[in-house]
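Hi,

Here is the structure I said I would pass on. Have a look at it, and then read my notes underneath.

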Amino acid sequence: FEIGINMRNKSENWHNRSYEMKFKNSKEFLFLSSDKLYVRFNKNAKIIDTFYKNHMNNQRCMVVKFELESKNIKVRIFREKGAPIKRKYNYKNDNLNLAALSLNMLLKENKNLELYAGFPWFLEMWGRDLGWALPAMIDLKWYSESKRLLENILNVSKDNVPNFLNPPDYFSADATPLIIIALKYYVDATKDFEFIQKYKKKIETFLNWYRNHRDENGFFKNDMENFYDRNRGSTWMDTLHRPKAVEVQALWLKALKDMKKMNIDVDKDMKLIENSFEKYWNGNYYIDNFEDRNSITPNMLVPVILGVSKHSKDVLKIVEEKLSTPYGILTLPKDDPKFSFNKYHQGQIWSLTTGWMAIAEFMYGTKGKYYLDILCKSQKKCLPGVGETFNDMGNILGCKIQAWGSAMIIRAMKEFENKI
């Protein structure tokens with residue numbers, strides 16, 4: 001087991017500080033830094049070796065390598081004299097800072113700035129994941145980074161926004177409307193109206209792509225026979241075939257509304273899909289897609305959080321009844337014959353879906369804080385970060401750090417502020 005120690009002042013980016021090891025007794029040992037701070041390990045730790053190493057961003061650390069005589073180890077920070085350093089826990093700031101730190105860790109400078117979708121398995125930028133994460137970065141006022149990410153994804157886009165970049169793969173039904181929505185969110189926050197003008201022709205290209213792949217109701221025909229010849233789905237549930245998925249239609253409806261505010265002529269397009277959207281409502285919940293009309297899924301939360309649903313409270317009620325667990329929101333109810341925690345999109349809990357529920361509850365319900373707490377607790381399982389998927393014990397099953405999971409904490413915090 002190894003722990004890296006890097007004590008520095010807030011203003012320091014790099015230092016050449018050395019650490020002195022002092023033994024308090026035969027079991028405990030201390031590391032003394034030059035600014036009179038101590039790190040103390042408890043008696044369950046048996047030292048093996050110490051050495052210096054450059055970690056992330058070339059930070060110089062002292063690495064302590066040791067054996068554990070039990071499963072538990074305590075690490076405490078002391079000043080030269082007195083009690084351990086303590087500070088008051090701040091629910092909003094502490095959790096917001098951890099989520100922001102996680103997103104920052106996933107920002108990478110390659111040829112252009114990229115936001116990796118997750119660690120350790122999605123070390124590249126995905127259009128869909130970026131679309132869900134960008135509003136959180138804008139909430140953090142990371143305007144420069146947000147603009148660069150938007151420019152990067154828009155510059156490589158053709159008829160539509162790519163699913164991922166290396167190499168570009170354009171098989172995504174939802175990346176394009178998500179990026180349109182994120183672009184409008186950025187401009188609303190920054191008043192950078194020139195950015196719209198710079199990419200207006202590109203947005204109009206996206207609009208034509210939508211028009212070429214919609215049906216008579218205005219519904220985007222994702223995963224239909226002639227959409228693309230692929231063996232995977234084009235939605236975030238890419239292990240499933242979900243023709244005309246409900247959240248895709250909600251995203252396009254919201255994107256069209258945003259395009260209208262950008263002075264793009266979409267009145268007929270918007271009215272067509274808006275008037276048709278109620279076809280997804282079966283009287284109790286939004287059906288997931290037109291091939292599977294019976295499955296109850298968290299995708300019905302997307303029209304709620306986008307503000308295009310007429311049934312927000314009804315949606316919250318059925319999601320609470322059928323999909324809610326102490327560790328977040330399931331992708332299928334446990335009484336569905338297809339349900340299994342071994343199935344990526346047909347059982348497992350997702351930080352994304354739990355985030356949707358937290359946001360929706362802050363907007364229209366009373367349990368937003370409950371679901372936000374679940375997300376905040378989950379990021380402590382792998383500091384800093386929020387895992388991708390979980391089982392019914394709250395154990396992480398997917399990526400240890402997922403960009404949109406951390407983004408959901410930040411977005412839910414924003415709605416929490418709006419609520420109070």
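One convention before the helices: an angle between two axes is called roughly parallel under 35 degrees, roughly antiparallel over 145, roughly perpendicular from 65 to 115, and oblique for the rest. Please also keep in mind that this is a predicted model.

Let me start with α5 and α6, where that convention is needed. Their axes come within 12 Å and cross at roughly 140°. That angle falls in none of the named ranges, so α5 and α6 count as oblique to each other. The crossing of α5 past α6 is left-handed. On the α5 side the contact uses Ile 203, Phe 206, Leu 207, Trp 209 and Tyr 210, and on the α6 side Trp 252, Leu 256 and Met 259. By class, that makes 8 nonpolar residues, with no polar and no charged ones.

Next, the other partner of α5, which is α4. Helix α4 covers residues 175-190 and helix α5 covers residues 193-212; their axes come within 11 Å and cross at roughly 160°. An angle over 145 counts as roughly antiparallel, so that is how α4 and α5 run relative to each other. This crossing is left-handed too. From α4, the residues involved are Thr 176, Ile 180, Leu 183, Tyr 186 and Val 187, and they meet Phe 193, Phe 195, Ile 196, Ile 203, Phe 206 and Trp 209 of α5. The split here is 10 nonpolar, 1 polar and no charged. Ile 203, Phe 206 and Trp 209 of α5 turn up in the contact with α4 and again in the contact with α6.

Now for α10 and α12. How far apart are their axes, and at what angle do they pack? The axes are 9 Å apart and the angle is about 5°. With an angle under 35 degrees, α10 and α12 are therefore roughly parallel to each other. The α10 side of the contact consists of Ser 351, Leu 352, Gly 355, Trp 356, Ala 358, Ile 359, Glu 361, Phe 362 and Met 363, and the α12 side of Trp 404, Gly 405, Met 408, Arg 411, Ala 412, Glu 415, Phe 416 and Lys 419. Charged residues do take part in this contact: the classes are 10 nonpolar, 3 polar and 4 charged.

Several of these helices come back in the second largest pocket, which holds about 450 Å³ of space. It is lined by 22 residues, and Ile 181, Tyr 185, Ile 305, Leu 306 and Arg 411 lie nearest its centre. The elements giving two or more residues to that lining are α2 (127-139), α4, α6 (246-261), α10 (351-364) and α12 (403-419). Which of them gives the most? That is α4, with 6 residues. By class, the lining divides into 12 nonpolar, 2 polar and 8 charged residues. Arg 411 is worth a click, being among the residues nearest the pocket centre and also part of the contact between α10 and α12.

Then a few backbone details in the loops:

- Phe 119 and Pro 120 are joined by a cis peptide bond, with omega about 10°. Pro 120 sits in the loop between β9 (113-119) and β10 (122-125).
- Asn 166 and Pro 167 are also joined by a cis peptide bond, with omega about -5°. Pro 167 belongs to the loop between α3 (143-156) and α4.
- Lys 141, in the loop between α2 and α3, has a positive phi, near 65°, although it is not a glycine.

Last, Lys 334, in the loop between β12 (328-329) and β13 (349-350). Beyond its neighbours within four places in sequence, Lys 334 is in contact with Phe 339, Phe 341 and Asp 392. Its C-alpha is 7.8 Å from that of Leu 323, which is 11 residues away in sequence.

Cheers

Notes. Residues numbered from 1 in each chain as written. Predicted model: local features only at pLDDT ≥ 70, side-chain atom pairs only at ≥ 80, totals over all residues. Heavy atoms only, no water. Axes fitted to C-alpha atoms, helices over the stretch in contact; angles between N-to-C directions. Helix = DSSP H or I, 4+ residues; strand = E, 2+ residues; numbered from the N terminus. Left-handed = near helix turned anticlockwise from the far one by under 90°. Contact = heavy atoms within 4.5 Å. Nonpolar A, V, L, I, M, F, W, Y, C, P; charged D, E, K, R; others polar. 1 Å grid on protein atoms, 1.4 Å probe; cavity = no way out; pocket = protein on both sides within 12 Å on 5 of 7 lines; lining within 4 Å. Points joined across faces, edges and corners; volume = space filled by probe spheres on them.
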